[in-house]
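Visitor: Could you take me through the helices of this structure, and the packing between them, up close? I'd like one connected account that I can follow while I turn the view.

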Amino acid sequence: MNTRSVAAQGRGQARRAANSKAVEVGARAGFGARGVIYVLVGALALQIALSGGGGKQADRGGAIAEIAEKPFGKIVLWLLGIALVGMALWRLSEALFGSAGPDGGKASKRAMAAGRFVFYSFVAYSVLAFAAGDSSSGGGSSDQQSQDVTAKVLGWPGGQWIVGIGGVVIACAGIWIAVRAIMRKYHKHLKMTEMSQKVRRAVDITGVFGGAARGAVFATAGGFAVAAAIKHNPDQTKGMDDTLRSFTDTPVGPWLLVVIALGLVAFGIFSWFNARYRKV
């Protein structure tokens with residue numbers, strides 16, 4: 001057996017592993033875990049809108065801390081972290097071999113999958129580290145982390161441009177997320193034919209509303225990053241918690257945050273629909 005055939009056999013085995021039932025189960029578990037985090041973040045944001053939140057953070061760190069405080073919370077965190085590892089591995093398989101669908105093998109799709117692999121790897125690590133006792137990992141303030149990173153980058157040569165471009169990218173990503181949700185682009189990723197009429201209606205309500213709210217949060221956070229670059233002031237940067245709180249400063253007061261918070265809860269529920277109906 002020559003080297004080329006051995007390499008081809010290895011690639012075939014890797015592809016079969018990427019398409020295995022274990023990877024599918026990991027992906028579905030990951031969507032479920034993502035849904036739990038978004039539902040909790042939305043609930044915390046709703047508390048902030050209605051009563052100030054009692055000092056709690058409406059971000060991933062706040063959601064993790066909320067879970068940890070409950071009975072068997074550490075066990076739940078271990079389960080969530082392992083599920084997110086499953087999500088990361090699924091995204092890695094998409095980056096290496098392409099995703100489901102006729103255009104899943106495009107370079108742009110695979111690059112996005114690689115980026116999501118890095119993101120979910122970090123999220124999984126932060127949840128598992130917190131479960132293992134490192135409270136500074138998963139439960140840290142997203143606002144402080146964002147400001148620390150921005151301050152460091154602003155100190156680099158051309159740092160203002162880097163922060164500004166990063167902010168524009170995040171803002172554009174938010175708009176892209178919202179527009180795709182409103183256009184119901186997620187339909188092509190879901191097994192719509194397996195849904196009843198009632199389930200399909202629920203998927204569209206949570207998908208459109210939740211995706212639009214999530215996109216609005218990203219776009220707003222990106223705008224704050226651009227402001228930080230223009231003013232050369234890292235304090236202008238906001239993590240998810242401060243970004244959500246900024247919605248209370250609008251003319252309609254806390255009610256815009258109520259809408260966004262309910263939208264994040266809806267996106268969490270939409271993630272649970274993905275756990276069941278996503279094409280993997």
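## Helices and their packing

Guide: Happily! In this predicted model, helix α4 covers residues 73–97, and its 25 residues reach 36 Å from the first C-alpha to the last, close to the 36 Å expected at 1.5 Å a residue. Just past the end of α4 you will find Gly98, whose phi is positive, at about 90 degrees.

Now try α9, residues 197–231. Its 35 residues reach 51 Å between the first and last C-alpha, again close to expectation, which is 51 Å at 1.5 Å a residue. Just after α9 comes His232, with a positive phi of about 50 degrees.

Next, bring up α2 (residues 21–51) and α11 (residues 255–277): their axes come within 7 Å and cross at roughly 165 degrees. Because angles over 145 degrees count as roughly antiparallel, α2 is roughly antiparallel to α11. The crossing of this pair is left-handed. Where α2 meets α11, the contact residues divide into 23 nonpolar, six polar and three charged.

Finally, look at the largest nonpolar core, which has 48 residues. Leu77, Leu84, Leu190, Val203 and Leu244 are the members that touch the most others. Each of α2, α3 (60–68), α4, α5 (107–131), α9 and α11 supplies at least two residues of the core, and the largest share, eleven residues, comes from α2. As a general backdrop, nonpolar side chains in soluble globular proteins tend to be buried together.

Notes. Residues are numbered from 1 along each chain as its sequence is written. This is a predicted model: local features need pLDDT of at least 70, side-chain atom pairs count only at pLDDT 80 or more; totals for chains, interfaces and linings use all residues. Side-chain values use heavy atoms; hydrogens and water are left out. Axes are lines fitted to C-alpha atoms, for helices over the stretch in contact, and angles run from 0 to 180 degrees between N-to-C directions. Helices (H or I, at least four residues) and strands (E, at least two) are DSSP runs, numbered from the N terminus. Angles under 35 degrees count as roughly parallel, over 145 as roughly antiparallel, 65 to 115 as roughly perpendicular and the rest as oblique. A crossing is left-handed if the near helix is turned anticlockwise from the far one by less than a right angle, and right-handed if clockwise. Ala, Val, Leu, Ile, Met, Phe, Trp, Tyr, Cys and Pro count as nonpolar, Asp, Glu, Lys and Arg as charged, and the others, Gly among them, as polar. The expected span of a helix is 1.5 Å times one less than its number of residues. A nonpolar core is a set of buried Ala, Val, Leu, Ile, Met, Phe, Trp, Tyr and Cys residues joined through side-chain atoms within 4.5 Å. Buried means under 20% relative accessible area, exposed over 50%, partly exposed in between (1.4 Å probe, protein chains only).
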